[in-house]
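Reader: Please take one strand of this assembly and look at it closely. Then work outward from there, in plain steps.

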Protein chains: 6
Amino acid sequence: MANKVVTFGEIMLRLTPPNYLRFVQADSFDVTYGGGEANVATSLANYGEDAYFVTKVPDNPIGQAAINHLRRYGVHTDYIVKGGERLGIYFNEIGASQRPSLVVYDRSHSSISEAKAGDFDWEKILDGAKWFHFTGITPALGDDVAAACLEAVKTANKMGITVSCDLNYRKKLWSREKARIVMSELMQYVDISIGNEEDAADVFGIQAAESDITKGQLSMEGYKDVAQKLMEKFSLKGVAITLRESYSASDNGWSALYYDGKELYASRKYKVHIVDRVGGGDSFGGGLIYALLNGYNPQDAVEFAVAASCLKHTIVGDFNHVTVKEVENLAKGDASGRVQR
Amino acid sequence: MANKVVTFGEIMLRLTPPNYLRFVQADSFDVTYGGGEANVATSLANYGEDAYFVTKVPDNPIGQAAINHLRRYGVHTDYIVKGGERLGIYFNEIGASQRPSLVVYDRSHSSISEAKAGDFDWEKILDGAKWFHFTGITPALGDDVAAACLEAVKTANKMGITVSCDLNYRKKLWSREKARIVMSELMQYVDISIGNEEDAADVFGIQAAESDITKGQLSMEGYKDVAQKLMEKFSLKGVAITLRESYSASDNGWSALYYDGKELYASRKYKVHIVDRVGGGDSFGGGLIYALLNGYNPQDAVEFAVAASCLKHTIVGDFNHVTVKEVENLAKGDASGRVQR
Amino acid sequence: MANKVVTFGEIMLRLTPPNYLRFVQADSFDVTYGGGEANVATSLANYGEDAYFVTKVPDNPIGQAAINHLRRYGVHTDYIVKGGERLGIYFNEIGASQRPSLVVYDRSHSSISEAKAGDFDWEKILDGAKWFHFTGITPALGDDVAAACLEAVKTANKMGITVSCDLNYRKKLWSREKARIVMSELMQYVDISIGNEEDAADVFGIQAAESDITKGQLSMEGYKDVAQKLMEKFSLKGVAITLRESYSASDNGWSALYYDGKELYASRKYKVHIVDRVGGGDSFGGGLIYALLNGYNPQDAVEFAVAASCLKHTIVGDFNHVTVKEVENLAKGDASGRVQR
Amino acid sequence: MANKVVTFGEIMLRLTPPNYLRFVQADSFDVTYGGGEANVATSLANYGEDAYFVTKVPDNPIGQAAINHLRRYGVHTDYIVKGGERLGIYFNEIGASQRPSLVVYDRSHSSISEAKAGDFDWEKILDGAKWFHFTGITPALGDDVAAACLEAVKTANKMGITVSCDLNYRKKLWSREKARIVMSELMQYVDISIGNEEDAADVFGIQAAESDITKGQLSMEGYKDVAQKLMEKFSLKGVAITLRESYSASDNGWSALYYDGKELYASRKYKVHIVDRVGGGDSFGGGLIYALLNGYNPQDAVEFAVAASCLKHTIVGDFNHVTVKEVENLAKGDASGRVQR
Amino acid sequence: MANKVVTFGEIMLRLTPPNYLRFVQADSFDVTYGGGEANVATSLANYGEDAYFVTKVPDNPIGQAAINHLRRYGVHTDYIVKGGERLGIYFNEIGASQRPSLVVYDRSHSSISEAKAGDFDWEKILDGAKWFHFTGITPALGDDVAAACLEAVKTANKMGITVSCDLNYRKKLWSREKARIVMSELMQYVDISIGNEEDAADVFGIQAAESDITKGQLSMEGYKDVAQKLMEKFSLKGVAITLRESYSASDNGWSALYYDGKELYASRKYKVHIVDRVGGGDSFGGGLIYALLNGYNPQDAVEFAVAASCLKHTIVGDFNHVTVKEVENLAKGDASGRVQR
Amino acid sequence: MANKVVTFGEIMLRLTPPNYLRFVQADSFDVTYGGGEANVATSLANYGEDAYFVTKVPDNPIGQAAINHLRRYGVHTDYIVKGGERLGIYFNEIGASQRPSLVVYDRSHSSISEAKAGDFDWEKILDGAKWFHFTGITPALGDDVAAACLEAVKTANKMGITVSCDLNYRKKLWSREKARIVMSELMQYVDISIGNEEDAADVFGIQAAESDITKGQLSMEGYKDVAQKLMEKFSLKGVAITLRESYSASDNGWSALYYDGKELYASRKYKVHIVDRVGGGDSFGGGLIYALLNGYNPQDAVEFAVAASCLKHTIVGDFNHVTVKEVENLAKGDASGRVQR
């Protein structure tokens with residue numbers, strides 16, 4: 001039976017020049033909609049869960065189009081509030097080889113960033129839910145959103161709902177200092193922390209003794225150290241860390257670790273030839289939540305989550321359009337890419 | 001020899017669903033850039049004048065793309081200031097038959113709307129210019145822009161430069177009351193007023209005794225009355241009024257009047273099968289400025305301007321990509337649309 | 001509060017050459033999904049009703065894409081059954097001027113056409129519903145589907161749910177004789193009949209004395225006669241007749257009549273410049289059901305339905321993407337197509 | 001049984017900005033291939049005749065693509081010679097409403113224009129043929145091509161093959177004087193002359209007493225006079241004249257006349273809403289040749305030819321993709337454009 | 001001089017989401033046509049042979065478009081029969097990296113699958129032919145097609161025409177048992193067998209002692225063993241085996257073996273970065289037939305065939321659009337991909 | 001402050017089939033404009049220099065579109081002459097993996113190739129310039145262009161302007177003998193020579209003792225020898241050599257050398273996954289000129305130039321759309337392609 005999962009955050013209009021064009025060359029933009037928590041919700045809907053995405057969008061056709069995009073992929077939009085000024089936008093130029101992808105944000109003054117705590121009735125929204133998820137982007141949008149987020153996690157705690165948070169530090173949205181203060185309070189109510197290899201350091205100043213990213217040297221001991229510190233600081237139940245190796249804008253290594261307080265579980269590493277890497281981390285989160293919700297053991301859970309996000313890198317847009325069966329196929333070892341007839 | 005003409009206002013990113021799709025259906029948007037005064041500048045560049053467009057755009061690739069778009073069509077961008085938060089956007093859904101076109105504005109907080117008067121050195125900008133043009137949209141963007149606009153027209157007056165204004169009332173940007181106060185001051189420095197059949201009433205409360213738009217009854221006497229009142233109120237040298245008859249979103253009637261204080265000159269009326277009607281009024285302004293700058297008599301001037309804007313309705317985007325020769329061909333009577341080999 | 005409405009029929013993959021290309025010229029097909037009853041459901045979802053579409057689609061990505069298409073536009077897909085061989089397809093070449101649009105059906109052996117009566121639990125599906133709608137296409141798909149349809153209308157009758165039927169005779173699916181037998185039984189349970197000017201004659205042999213379509217002479221008395229006969233034959237509560245005048249593939253006249261047993265209400269007639277005429281009749285049905293469900297008087301109801309379907313002709317695809325407000329604007333008289341800013 | 005028909009001329013690469021864009025706006029061009037005699041050959045192939053197109057194209061992938069385009073639509077390419085410098089190109093901007101379509105030719109130095117008479121073995125090419133067709137464009141390409149053309153018509157005459165010529169005067173290719181000299185010799189061998197209302201005057205100085213095209217006054221007597229003079233001058237068996245009324249680039253009137261030496265047969269007149277008017281005259285020629293080859297009487301022949309070319313105006317590209325049945329449907333009176341299911 | 005080659009099988013409409021989109025994301029499908037034996041015929045036409053493709057397609061515009069597609073690339077379509085219900089379709093989603101390509105077949109009830117033996121006059125079709133080719137897909141389509149196939153190979157044998165068969169086992173079409181029975185009879189008449197590393201085992205249960213595909217261990221001895229067994233069982237003249245190493249959906253290794261009863265000739269191995277791998281095996285078949293028809297020695301033949309199919313992986317669609325010269329260039333060693341100016 | 005740089009040569013219309021299609025498959029071509037010296041000018045405009053491109057284009061919309069394309073990217077077009085017959089065209093098929101890219105030139109008779117020396121007033125054009133650049137393509141276009149080029153470099157020398165030349169030997173344009181004679185005279189006036197590893201040998205017969213390109217063995221000593229000989233022969237100030245290793249059409253190695261008469265400076269080598277490699281050499285030239293103009297030391301200059309051209313390989317079209325900052329980022333070592341937010 002499907003589990004009710006609730007995620008809370010921003011969904012943006014994403015505008016992407018087609019065919020590797022640069023912004024100044026483009027005469028059209030491909031249109032999709034996405035954002036950290038919406039991406040996680042879509043992953044879960046694709047896996048058959050009852051995923052609800054909570055946000056605020058303007059009461060105009062652009063806001064409606066964002067809702068329609070979520071509905072198309074099975075996400076419940078019942079608790080989305082309409083109002084405010086505008087839908088946030090991000091422009092996304094797809095890089096290749098040594099040319100990095102470029103993201104230009106135009107998200108200020110968005111309806112969700114100016115939402116008020118009272119816009120969301122958390123008791124009603126979370127009624128019957130098994131899991132609540134947000135990322136570090138949501139509280140970074142503004143003080144009122146941060147307050148709404150705090151109310152949400154407190155309510156979730158009270159109702160016995162598991163809470164996960166993807167740290168997702170964005171330096172364009174807030175300073176490290178501001179992030180540390182706000183996130184430290186929110187993390188009190190979090191059970192599962194997700195982050196990339198830099199997030200813990202960026203937000204909480206937690207660093208692994210030996211890790212040296214610029215040299216590409218990744219020490220398992222170092223990551224275990226980081227996970228351990230995070231877990232203790234916030235009484236977490238689990239810590240997941242994604243590990244991206246950027247060989248170029250076209251080719252990445254991708255793997256992850258999961259720490260359950262006892263052991264560090266390392267996934268298989270995939271060499272991915274990239275179609276669209278936006279939402280890679282979110283698809284890991286979606287996979288991990290699905291696996292933990294459905295009783296996978298830690299090793300299987302991190303393998304499922306990494307296989308899911310490996311596939312995401314081959315899919316256009318922010319959302320990860322894969323089924324449980326497709327993820328399982330890859331997680332169980334068939335990475336040959338042979339035609340499925 | 002080319003005349004230096006300066007226009008001042010906003011250029012926006014325009015996003016349009018292709019092939020008559022509605023916003024909620026679109027998976028891509030056609031990209032162009034435009035805005036009232038930028039459109040006029042482009043018309044003039046296409047006619048061979050030295051057209052300068054003055055604005056402020058963000059210092060990011062989207063702002064640069066707007067500049068590149070202007071340069072592509074020969075508009076000088078030397079006085080465009082870089083800075084501020086974002087480029088204004090408007091979403092434009094193309095209507096058909098009984099379904100109206102839809103414009104969703106997302107222009108708040110744009111770089112130009114938050115520009116300061118000090119951003120523009122009008123003495124330098126207007127040095128050597130023959131003509132300065134703005135529309136009622138520019139001062140509506142914000143008090144600081146209105147102040148910059150006022151400084152511009154005062155400087156122009158001092159330097160003996162002809163000033164034209166397209167009233168262009170936009171109820172989403174400001175109230176009739178606010179518009180009247182601000183525009184009344186600016187109009188002191190204006191020589192040529194351009195507007196559609198409703199602008200004078202909307203902004204200044206000037207109404208023709210007999211005109212009844214909803215009934216489609218257009219009385220020449222009524223229009224002459226309006227033009228006369230406008231001219232007297234602001235000591236103008238000329239008043240142009242465009243007359244649109246909307247049979248449907250696909251087919252319009254299009255003509256105009258020009259009053260020089262003595263006579264009312266009525267143009268030929270075109271029945272246009274519409275490709276893209278945005279910028280129709282601006283292309284009239286561009287044509288009129290060109291004609292007056294180049295010594296056309298009033299009748300020829302209004303015919304040139306109406307023929308130019310008739311052609312604009314057949315051209316994709318905000319800009320009017322036609323040459324003087326193409327406009328003259330139509331103005332002189334060949335509306336047969338026969339293939340030019 | 002939203003009303004639950006259930007429609008039952010086939011949804012097909014529609015493949016259309018872009019930009020007026022003929023089939024033999026096309027190197028790509030535009031993809032959408034549609035079918036008579038799915039189109040009606042989407043109209044109602046767009047008007048804010050709780051619309052459920054019931055069908056059977058194959059358990060493969062093409063079937064899933066059809067479901068996603070319905071969800072995107074807010075149609076509930078909870079009762080769609082998965083299984084069977086294939087999704088029906090229709091190829092649709094868009095005509096222009098004197099060149100007619102062309103439809104090539106490839107719908108045999110579709111999952112719905114081979115569905116069994118037991119596939120649908122009508123008591124559960126219709127629980128809480130206010131309205132049930134089907135068209136003459138559904139029972140024409142096959143004997144089992146016709147049986148399922150009969151079970152549905154009988155259940156609806158038992159539960160006091162209003163039943164509407166769009167006669168929609170398709171000569172490629174069944175003979176007039178077969179249609180008459182099957183439809184005559186189904187019509188026993190129908191309250192509101194919808195059809196074009198030929199359907200009543202095609203299916204039931206009911207003809208107006210004076211109507212002569214080939215001459216384009218439409219007599220109100222004749223239509224009233226047809227409606228009266230239909231109403232009496234099947235104890236209907238209302239009969240709607242759509243009237244299409246095909247000037248060409250690009251331009252049509254469009255209006256309708258509604259007979260409530262007492263008076264014949266004639267709508268305004270629209271001259272439509274066509275973008276996509278498929279689904280025109282269905283959008284009339286959707287509009288009429290909405291209006292009758294929401295207590296419109298007969299004249300307002302037929303005006304709403306005709307205005308809705310007038311707009312449909314300007315929208316790409318089978319579905320009618322318009323809001324109640326947009327339909328009302330047109331129904332109340334603004335057909336000017338002026339830009340909505 | 002299919003008749004062998006041979007046409008001789010140039011096929012060019014045609015480059016067209018999509019979606020009504022002007023040349024300076026386009027970032028892509030739609031690609032097709034066409035030319036007067038190739039268009040006629042394709043019409044005949046579509047009607048089931050064995051149509052052979054003779055030309056010379058460069059031995060490179062662009063020349064091959066032109067051949068492939070002909071083959072795709074069933075034209076035999078066995079006698080096409082490979083060699084020379086380049087494939088001629090024409091750029092074609094699609095107009096709308098008052099904006100005319102624009103053709104920019106880049107056809108100089110094409111392989112066919114520099115072909116030598118010896119490139120073509122006419123006895124072999126014409127073996128078994130029933131009809132040979134060329135237009136006034138072919139001899140205008142250059143003296144050697146004119147010589148080849150002359151050899152072709154002489155051979156055809158000797159072999160008893162009917163010869164038709166579409167006068168098709170192009171002022172960019174040669175002067176009226178040059179045209180008159182060359183065409184006068186070629187016309188000695190022609191049986192059926194085709195032309196628009198201006199060709200006879202342009203090439204041979206033959207004018208109708210009363211015709212005044214600029215005033216749109218078309219006198220039947222005048223046309224009969226022209227046809228009569230042409231027929232006598234060159235001992236023709238039939239003269240066809242197409243009559244285009246250009247209301248605008250979007251809407252034209254289209255009809256034709258056929259004179260058999262006794263009577264003038266006037267076709268029905270179509271008002272066409274244009275998709276692509278290039279090749280309109282050629283599709284008339286193709287229709288007329290088909291009709292005369294298959295024993296239609298003069299009235300039916302001109303109706304078939306005009307209906308065929310009416311349909312061409314609704315089809316993208318130079319070629320007329322219609323079947324005999326589709327043309328007959330229209331010629332017999334169904335211009336309603338009703339959907340064919 | 002060109003050799004007449006005949007191939008017999010199914011051609012399907014292929015629908016592919018563009019730009020790596022998944023089926024559920026696509027709003028358009030790229031359209032092409034293909035199928036094993038049609039692909040082989042096109043290869044041979046591109047190499048200058050007189051290639052005839054025999055099949056049955058519906059008498060509608062979709063069937064015509066398939067014919068046109070074949071003609072475009074020079075395949076003779078004279079013996080294609082028209083009739084039956086529908087053209088088979090396959091939906092093809094292009095994979096990338098770890099995401100496999102996906103094929104959804106919708107080919108049941110196709111005209112060819114329901115063709116009767118009497119539809120094809122093999123004596124006439126094969127008259128003058130040098131080679132007949134089919135794949136294991138053709139007899140799998142249905143018993144009547146299998147019978148037609150048997151009649152074809154018997155006739156070919158009688159007429160002294162070389163027969164080749166690509167085993168091409170498709171488990172969705174028939175069981176291994178059924179395949180073994182039917183294919184065993186057909187193989188009696190075959191001279192050259194083609195297959196991938198699994199086909200011989202799937203269809204005839206012939207396995208190499210040491211081969212272990214899942215481990216990627218390919219033993220030359222093992223393949224020689226398989227080839228030897230096949231050859232003896234069916235008195236073949238040659239056995240070709242293609243060897244695909246699927247590193248991912250984006251990158252494959254590709255090579256082949258040819259056994260002439262005496263020696264096993266191994267080709268060079270290419271690492272291919274894939275554009276479109278459908279038709280890879282067929283392009284090998286086309287290359288091999290060309291080489292053997294034109295007297296290449298075994299080593300050169302297998303190198304030509306592998307180079308041809310290596311190039312196919314870089315070409316969009318099922319067909320292999322390369323010339324003999326392009327294949328030779330690669331086969332002779334230039335794999336540098338340097339620009340050819 | 002920006003430096004005035006002048007480049008002289010041909011700009012062509014470039015037509016490219018989209019999405020890796022071959023010419024014979026394409027129904028549209030992507031449109032861009034480019035040519036060696038125009039590409040260099042655009043690079044310099046993107047780096048903030050005042051770049052002027054000098055050429056001759058036809059006075060038609062295609063010529064205008066080429067000018068607009070240059071203006072869009074900030075190149076000054078003031079000295080472009082209008083006239084002549086046509087704009088040169090090149091067709092560019094994008095290769096992949098083992099399939100090479102294909103270029104079909106159609107540039108004969110272009111306006112620039114038939115320009116006369118008198119078309120360009122070099123004293124005026126070069127007034128205030130710091131640098132003049134041309135490539136070996138320009139004098140190869142025809143004797144008159146070569147004469148104009150000679151006049152340009154002589155004038156530049158007289159005015160103390162640095163002159164650079166990219167040897168760029170094109171065997172389709174002239175023989176080695178003709179090239180040697182013409183280039184030897186022009187090189188008298190050149191300061192900086194740029195070329196690939198084969199140009200010096202092709203044009204001047206200068207060969208490194210040990211270099212063996214076909215074996216891929218590149219000896220630093222050999223290149224130093226070549227550079228030394230070139231420098232002495234023409235009294236150069238610097239010699240740059242680009243080194244391309246073609247692993248396939250999709251993947252190349254790319255590096256360069258710079259010799260200042262004393263030392264040979266070797267750049268880092270990039271492995272590039274190619275989006276569009278046309279203009280790769282030109283972007284190196286643009287980068288080198290920028291670096292030398294702005295006082296970079298030789299090592300930094302060659303690193304900047306190679307990083308710039310590495311990025312070019314990831315950008316669609318001939319032009320290199322990158323900023324100084326983007327090049328510096330890569331040159332300073334960040335080749336990770338991580339998303340820039």
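Author: First, a term. Two strands count as paired if DSSP finds at least two bridges between them. Keep in mind that this is a predicted model.

The strand to look at is E2 of chain B, residues 12-16. How many of its residues are buried? Five of the five are. A residue counts as buried if 20 or more other C-beta atoms lie within 10 Å of its own. E2(B) is therefore largely enclosed by the rest of the structure. Look at which way the residues point. B:Met12, B:Arg14 and B:Thr16 point one way from E2(B). B:Leu13 and B:Leu15 point the other way. Both sets are buried, B:Arg14 included.

Now the partners of this strand. With E3(B), residues 28-34, E2(B) pairs in the antiparallel sense. Five bridges make that pairing. Two of the residue pairs can be named. B:Met12 has B:Gly34 as its bridge partner in E3(B). B:Leu15 has B:Val31 as its bridge partner in E3(B).

E2(B) also joins E7(B), residues 89-93. Here the strands run parallel, and three bridges join them. Across this pairing, B:Leu13 stands opposite B:Ile89. So much for the direct partners of E2(B).

Next, the sheet around them. What is the strand order? Read across, it is E8(A)-E7(A)-E2(A)-E3(A)-E3(B)-E2(B)-E7(B)-E8(B). That is an open sheet of eight strands, and its pairing is mixed. E2(B) sits between E3(B) and E7(B) in that order. E3(A) and E3(B) stand next to each other in the order. At the edges are E8 of chain A and E8 of chain B, residues 102-106 of each chain. Each edge strand has a single partner strand, so one side of each is left without a neighbour in the sheet. From one strand to the next, the twist averages 30°.

Chains D and F offer a sheet to set beside this one. Its order is E8(D)-E7(D)-E2(D)-E3(D)-E3(F)-E2(F)-E7(F)-E8(F). It is open, has eight strands and shows mixed pairing. Its edges are E8 of chain D and E8 of chain F, again residues 102-106. Each of them has a single partner strand, so one side of each lacks a neighbour in the sheet. Neighbouring strands here are turned by 30° against each other on average, direction ignored.

Look at the edge in chain D. E7(D), residues 89-93, runs antiparallel to E8(D), and five bridges join the two. D:Tyr90 has D:Tyr105 of E8(D) as its bridge partner.

Chain C shows how the side chains of E8 are arranged. Along E8(C), residues 102-106, the side chains alternate. C:Leu102, C:Val104 and C:Asp106 point to one face and are buried. C:Val103 and C:Tyr105 point to the other face and are not buried. Five bridges join E8(C) to E7(C), residues 89-93, and the two run antiparallel. C:Glu93 stands opposite C:Leu102 in that pairing.

Back to chain B and how it relates to chain C. A rotation of 120° superposes chain B on chain C, with 0.0 Å of shift along the axis and an RMSD of 0.0 Å. The two copies are thus related as by a three-fold rotation axis. In chain B, the C-alpha nearest that axis belongs to B:Asn19, 4.8 Å away from it. Chain B also touches chain C. There, 20 residues of chain B are in contact with 20 residues of chain C. The chain B side divides into eight nonpolar, nine polar and three charged residues.

Last, chains F and A. A rotation of 120° with 0.0 Å of shift superposes chain F on chain A, with an RMSD of 0.0 Å. F:Asn19 has the C-alpha nearest the axis in chain F, at 4.8 Å. Their contact takes 20 residues from each of the two chains. In chain F, strand E15 (270-273) and helix H10 (298-312) each supply at least two residues to this side. E15(F) gives the most, with three residues. By class, the chain F side has ten nonpolar, eight polar and two charged residues.

Notes: Residues numbered from 1 in each chain as written. Chains lettered and ligands numbered in written order. Predicted model: local features only at pLDDT ≥ 70, side-chain atom pairs only at ≥ 80, totals over all residues. Least-squares fit on C-alpha atoms with pLDDT ≥ 70 in both. Contact = placed C-beta atoms within 7 Å. Helix = DSSP H or I, 4+ residues; strand = E, 2+ residues; numbered from the N terminus. Nonpolar A, V, L, I, M, F, W, Y, C, P; charged D, E, K, R; others polar. Axes fitted to C-alpha atoms, helices over the stretch in contact; angles between N-to-C directions. Buried ≥ 20, exposed ≤ 12 C-beta atoms within 10 Å, placed from the backbone.
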